[in-house]
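Trainee: I should like to request a close look at a single part of this chain, with its surroundings described in order.

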Amino acid sequence: MTILSKLHIRAYALFFSAFLALAAVPASAQIDRNAGASAVGAGSAPSAVIQDDQRGAERENTTLRQDQLSGRRPEPFGSELFRQQAPQTGQSAPGTIGGTMSGSADPNHIVQPGDIISVTTYGLVNETAQLPVDAEGNVALPNVGPVQIAGTPASQVNSVISGAASQVYQSTVQVYATMADAGEIQVFVAGPVLEPGGHEGPSQSAVIGFLQRAGGIDADRGSYRNIIIRRGGQTIGSIDLYNFLLNGELSGVSLSNGDVIVVGQQGPIVSVSGDARSSYTFEFSARVASGGELLRYSRPRPEVTHVSILGTRNGVPFNDYVTREEFAMMELMDGDRVRFEADAPSGTFIVRVVGAHTGPSAYVVNRGDYLGPLLAQIPLDPLADSPMIHLERQSVAETQRVLLQENLARLERAIYTAPSTSAASAQARAAQATSLGAFIERARLVQPRGLVAFPDEADLSRVLLEPDDVIVIPYATQTVIVAGEVELPQTLLWTPGNDARDYVRRSGGFTNLANRSDTLVIRPDGSVQRGGSVRAGDRILVPPKAPGQTLQFIRDITQVFAQVGIAAAAVFR
C-alpha cells in the first residue's frame with residue numbers, strides 16, 4: 001500500500017469520525033427578536049409538571065391525492081380472515097374459523113350423509129361401532145336396522161339412536177351415540193374469489209371455511225356483505241360478514257354436498273387513513289353511506305378533530321375538510337377517501353429535561369413560553385455545567401438532515417464527474433472515488449440531533465420553546481479530550497490559561513499529516529471554534545491535511561460540517 005493510499009484511508013477515517021461528531025453538534029445560534037414560528041402569546045410559567053415521556057414521533061404519510069393517483073387503498077375490512085392458509089393445499093390452517101378437528105362436533109351441526117356416528121352398547125352387549133350416514137340419511141344400527149338420522153342436530157343424535165335401540169334391546173343393554181366426525185362434502189364457491197370452483201371440507205365447516213379454501217374474497221371486486229348460499233337452484237340463506245367481524249354472529253345455514261356459495265359484486269366502498277384504530281377500506285350495503293356509520297366502523301382516535309374527504313360527485317372531483325361533528329352528518333359516496341386528522345393546535349406541549357438536574361424529566365409548557373423562565377424552575381445538580389446548557393430540537397434536526405443529504409449528493413457528483421488530465425490522474429482519482437464513495441454512504445446514515453447552542457450574550461428569556469424540545473444540562477468535567485493528528489491522543493486534566501496549542505503540545509505535538517491551521521475546539525454544547533481558548537469539558541480535534549485534489553474533496557466535506565452548524569442559527573430567523 002502506497003503512502004498516499006495510507007494517507008487517504010487515515011484522512012477519511014478521521015473525517016468520518018469528525019463528521020459523526022459535528023453532524024450532531026451545530027455552531028452557536030444567534031438570538032433574534034422574532035424567535036421561532038410557534039409563538040402565540042407572551043411568555044408564562046409552566047402550567048404543570050409530568051414524569052412520563054410523551055415525545056412524539058415523525059411519520060411519513062402520503063396524501064389522499066397521492067393515494068388516489070397511485071391507486072393505493074387500505075386492505076378491505078375483514079381481509080385478515082383470509083391471510084392464514086395451510087401450505088400448498090389452500091385448506092384452512094388448524095384453529096381457523098373454517099377448520100374442524102376430528103372427534104369434535106358443533107352441537108348445532110345438522111347430520112348429513114357422509115357423517116360418522118359413534119355408537120357404544122354396554123351391559124349384556126359391549127361393543128363400539130363407527131357408523132357412516134348413508135346416502136339415504138340412515139345409519140345401520142347392529143341388531144336394530146336402519147335408523148333415519150340425517151337432518152338431526154348433533155346434540156340430539158343420542159336420543160334418536162337410543163330411542164330406536166330401545167325398541168329392540170331390553171333394559172339390560174344401554175346405547176350411547178354421538179357425532180364422531182363430519183364427513184367430507186364438496187361445496188362450490190363462485191363469484192369474485194381467488195380460486196373459484198369446487199372445494200372439499202368437513203360437512204360441519206362454516207361458510208367462512210369454504211371461502212378460505214377458495215383463497216378468500218377478491219379485494220378489488222368481491223363483496224364481504226352480499227354472500228348467498230344456493231341449493232338445488234334455490235337461495236337458502238345469505239351472509240353479511242360484517243355481522244361476524246363486528247358482533248361475532250355466524251350464519252345458521254348448514255352446508256350440504258353440492259351447495260353453492262356465491263360471492264356478490266363489491267358494493268360502495270370508502271377507504272380510511274390517518275388517526276383511526278381501523279384504517280381499512282369499508283364496504284357499505286346501501287348506495288349512500290353516512291359519516292356516522294363510518295365513524296362506528298373505523299373508530300377514530302380521541303384526538304381527531306377534522307376529516308378530509310376526497311371523491312367524486314356527479315362526475316366532478318370533490319374535496320372537503322370538515323370537523324368531526326360535521327362529518328358524522330355527511331353522505332359518503334362510492335370511492336370516497338377519508339383521512340382523520342388531529343388538527344386542533346394544543347395550547348400546551350411537552351418539553352423534556354436530561355442531564356444534570358434533580359427535578360422532573362418532563363414539563364408541560366404553554367405555547368409561547370420561553371426557555372429562560374422554565375430554566376429558572378428546574379433544580380440543577382451541583383455538578384451541572386450551566387453555561388453549556390443547550391437544546392435538542394426536532395425542527396433543526398430535520399433541517400440538518402436535509403442539508404446533509406443535499407451536500408453529500410453534491411459532493412458525490414463532484415467526485416464522479418470531475419475531469420482528469422492524464423491516465424495516471426484518472427487512476428488516482430478512481431482510487432479516491434472508491435474510498436470517498438464508501439465514506440458518503442456511511443455519512444448518509446448519520447442522524448443529526450438538532451443541537452442549538454447559545455452564545456454567552458444570549459438572552460434565554462427571548463428563546464421560544466417548541467414542541468418536543470429537549471433541554472440538555474451537561475455535567476461539569478475537569479478533563480479535555482485531544483484527538484486527531486497528534487502524536488499521543490489522550491484525555492488531559494484541564495489547566496486554566498492553556499489554549500488549544502498548549503494541549504496539542506502536551507499530547508506530543510502535531511503529526512506530519514496535521515492541518516495545524518484548522519485545529520477545532522468543540523464545546524460540550526456543540527458549538528465549534530478554530531483554536532483559541534479551551535475550557536473544561538472541551539474536545540480538541542486536529543484534522544489531517546491532504547495533497548493534491550484530495551485536499552479539495554476534504555474541504556468539501558468540511559463545508560458540509562460548517563453548513564450543518566449554520567442550520568442551528570436558522571431556527572431563530
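Mentor: What follows is an account of helix H6 and the loops on either side of it, set within the chain and then beside two other parts.

This is a predicted model, in which local features need pLDDT of at least 70 and side-chain atom pairs count only at pLDDT 80 or more, whereas totals for chains, interfaces and linings use all residues. Residues are numbered from 1 along each chain as its sequence is written, and side-chain values use heavy atoms, with hydrogens and water left out.

The chain has twelve helices and 28 strands; both are DSSP runs numbered from the N terminus, helices being H or I with at least four residues and strands E with at least two. Of its 573 residues, 45% are buried, where buried means under 20% relative accessible area, exposed over 50%, and partly exposed in between, with a 1.4 Å probe and protein chains only. Among contacts with a separation of 6 or more, 66% join residues 24 or more positions apart, a contact being heavy atoms within 4.5 Å.

Helix H6 covers residues 291-298, and seven of its eight residues are buried, so the helix is largely enclosed by the rest of the structure. The buried residues are Gly291, Gly292, Glu293, Leu294, Leu295, Tyr297 and Ser298. Two of these, Tyr297 and Ser298, are in contact with Ser278, which also touches Val272 when neighbours within four places in sequence are left aside. Ser278 lies in the loop between strand E12 (269-274) and strand E13 (281-283), and its relative accessibility of 12% counts as buried. The C-alpha atoms of Ser278 and Pro300 are 7.6 Å apart, although 22 residues separate them along the chain.

Just after H6 comes Arg299, with a positive phi of about 50°, although this residue is not a glycine. Arg299 belongs to the loop between H6 and strand E15 (306-313) and, at 44% relative accessibility, counts as partly exposed. On the other side of E15, Asn314 is found in the loop leading to strand E16 (316-323). Asn314 also has a positive phi, of about 55°, without being a glycine, and is exposed at a relative accessible area of 83%.

A second loop residue may be set beside these. Thr519 sits in the loop between helix H11 (500-506) and strand E26 (520-522) and is buried, with a relative accessible area of 7%. Its side chain reaches the backbone oxygen of Arg516 at 3.3 Å. Not counting residues up to four places away in sequence, Thr519 touches residues including Ala500, Phe510, Gln529 and Ile540.

Finally, there is a helix pair. The 24 residues of helix H9 (residues 394-417) should span 34 Å at 1.5 Å a residue, and the end C-alpha atoms are 35 Å apart, which agrees; the expected span is 1.5 Å times one less than the number of residues. H9 packs against helix H10 (residues 423-443) at an angle of about 165°, with the axes 10 Å apart. That makes H9 roughly antiparallel to H10, a term for angles over 145 degrees; the axes are lines fitted to C-alpha atoms over the stretch in contact, and angles run from 0 to 180 degrees between N-to-C directions. Residues of H9 including Leu408, Leu411 and Ile415 meet residues of H10, and these three are among the buried residues of H9.

Note on methods. A polar contact is a pair of N or O atoms within 3.5 Å; within protein, one must be able to donate a hydrogen and the other to accept it, and residues adjacent in sequence count only if both atoms are side-chain atoms. Angles under 35 degrees count as roughly parallel, over 145 as roughly antiparallel, 65 to 115 as roughly perpendicular and the rest as oblique.
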